[in-house]
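Dear colleague,

Please find below the structure that I am handing over to you, together with its sequence. A summary of the findings follows.

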Amino acid sequence: MVVRRENMETENINIGIKQENLEELDPKAKKYLRGDGANLEVLRDKRLKGQLSVKEKLYGQSAKAAAMAEKWLLPTEHGYLEAEGLEKTWRIKQETILQEVDIISSRKPFDMVLKDLGPYRLDYTLSGRYMLVGGRKGHLAMIDMITMDLIKEFQVRETVRDVVFLHNEQFFAVAQKRYPYIYNRHGTEIHCLKEHGAPLKLQFLDKQFLLVSINKFGQLHYQDVSTGEIVGNYRTGLGRTDVMETNPYNAIISLGHAGGKVTMWKPTSPKPLVTMLCHHGPITALAFHCNGHLMATAGIDRKIKLWDIRKFQVLRSYSSYAQSMDFSQKGLLALSNGSQVQIWRDPVGSHDYGRYMNHSMVKGYQIGKVCFRPYEDVLGIGHSMGISSILVPGSGEPNFDSWVANPYETKKQRREKEVHSLLDKLQPETIMLDPSKIGTVRPPRKKERLSRKEVEAELDETVQKAKCVTFKNKTKGRSKPSKKAKKKEEVVLNAKRSFRELHQVEERPLKKQKVDEVELPKSLQRFARKKL
């Protein structure tokens, strides 16, 4: 008995500890709940009520378990630069930051000077481990950013306008002078996509395996790299453009045009879904926030605007100029203008961005592209004299999900992930402005009103069917021809009445209804028709 009591006491203590832990994690567990719970008090069916109550308990337990896992598995939090007193964060230089950070972070910023092959474009993989570099004069290179090893470097001896990684670091696409090409990580040419023409800009949609390009004639191409099929080929009709960005929320492609318009496209529509007049001059840069609801545009009219895409409405407008823009995973906005780089931050969450950091390159360097490295507080800069990277505290997500993007994945993990991503590939039809509509039921459409001839034809068919009805013969004079004729007339009239009620057809009166006479004023009474 004593042992049992001790066991019961220890169990009670463990239960009390668990309940205390769960009470601590209750606020954090709310974000893991699957929406609002079912209202069980309204239900009358006891069986259904019991089943739903069990499911609600399971949902609560899973949310609490996820909150417990978050407490132990996600210990890292992002940080920012904080100024003291009269200091300003944008006056803090890279040299000062390097003196305060750890040894591993101090190795991340670098300057690679390549005088004769620029200006340079760059791109990162989803995990942020590999960087792809492309020089305007044909220089291509892939670098492992963790070990800083050069994986492959080669010269294509042709103009390179843009570079982009495909689904992983094994393949990448290059927009060259005449056509886009696909290479593997060893520098071997895999495909030449002649259908795209001379491309100016490339984007890759990793969920749909679609390579998107815009050429110098203003043609937008979508090609499925898993099957090689051309999914869409559309003329924009707004001239040449080299400003193209992807919305990460819904995979919509946005183009910035010389007339100040921004158009949004999907592969199954020959016309743009949205056309917005954003600036009073050519658009120079576009960028999308990670949540997909905030868009930043820059124009040659020296205006930078922040747009709420859900309302297509301007939230903020700033007097500034930018040739390239990019949002980080934590919402920082990087802008480049000449040899200057600015990083803006929204401290409160009200989309009121202000200066956070400044960085000046060597005088004369012309910055072509700025790009944040995923899961790292690093900003990559491609300019006319090579490549650089700087530290931007608080820009990257500190905790990576190994199922989404794992910078330390093995060959086996990469192979399994590639197979799963191909099996889970989304169709081009799933690209839409509001992806939350996928899986919902469409509301029933109203029936189109039939024309007069169609109504008359259907009425004749119902009358003929009513006339073909046969009656049983009855005795004692009930089956006389006159009574049968009356019964058929009644059946026909009932069929006509039900048809009119179904199609809401009004019965036309045999004679015109007399219009109530209106008393005319004295000046017009002499024109009135005289009664007979």
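**Findings**

Of the contacts in the chain with a separation of 6 or more, 45% are between residues 24 or more positions apart. Please bear in mind throughout that this is a predicted model. The chain has 532 residues, of which 39% count as buried. It contains 7 helices and 28 strands. Its accessible surface comes to about 34,500 Å², and carbon and sulfur atoms account for 51% of that area.

I turn next to the interior. The largest nonpolar core has 26 residues, and those touching the most other members are Leu205, Leu220, Tyr222, Ile253 and Met295. At least two residues of this core come from each of the following: strand 11 (210–215), strand 12 (219–224), strand 14 (243–246), strand 15 (253–256), strand 16 (261–265), strand 17 (274–277) and strand 18 (283–288). Another core, of 20 residues, lies apart from the largest one; among its members are Leu81, Ile92, Val370 and Ile390. As general background, nonpolar side chains in soluble globular proteins tend to be buried together.

Which residues does tyrosine 222 touch, leaving aside those up to four places away in sequence? The partners are Leu205, Leu210, Leu211, Val212, Glu229, Ile230, Val231, Gly232, Ile253, Trp265, Lys266 and Pro267. Two of these, Leu205 and Ile253, are also listed with tyrosine 222 among the core residues that touch the most other members.

Helix 2 deserves a separate paragraph. This helix spans residues 46–73 and includes tyrosine 59. Together with Val54 and Leu58, Tyr59 makes a nonpolar surface patch of about 260 Å². Tyrosine 59 counts as partly exposed because its relative accessibility is 30%, and the partly exposed range lies between 20% and 50%. Alanine 65 is also placed in helix 2. With a relative accessibility of 45%, alanine 65 is likewise partly exposed. The C-alpha atom of alanine 65 is separated by 8.2 Å from that of alanine 29, although the two residues are 36 apart along the chain.

Finally, the cysteines. How many disulfides does a search of the whole structure find? The search finds 0. In general terms, a disulfide is a covalent bond between the sulfur atoms of two cysteines. Is cysteine 278 buried or exposed? Cysteine 278 has a relative accessibility of 2% and therefore counts as buried. Cysteine 290, at 40% relative accessibility, counts as partly exposed.

With kind regards

Technical notes:
Residues are numbered from 1 along each chain as its sequence is written. This is a predicted model: local features need pLDDT of at least 70, side-chain atom pairs count only at pLDDT 80 or more; totals for chains, interfaces and linings use all residues. Side-chain values use heavy atoms; hydrogens and water are left out. A disulfide is a pair of cysteine sulfur atoms within 2.5 Å. Buried means under 20% relative accessible area, exposed over 50%, partly exposed in between (1.4 Å probe, protein chains only). A nonpolar core is a set of buried Ala, Val, Leu, Ile, Met, Phe, Trp, Tyr and Cys residues joined through side-chain atoms within 4.5 Å. Helices (H or I, at least four residues) and strands (E, at least two) are DSSP runs, numbered from the N terminus. Contact means heavy atoms within 4.5 Å. Patches are made of residues with over 30% relative accessible area and no salt bridge: like charges are joined within 9 Å, nonpolar side chains (Val, Leu, Ile, Met, Phe, Trp, Tyr) within 5 Å. Accessible areas come from the Shrake-Rupley method with a 1.4 Å probe; for residues, only the protein chains shown count as cover. A salt bridge is a side-chain nitrogen of Lys or Arg within 4 Å of a carboxyl oxygen of Asp or Glu.
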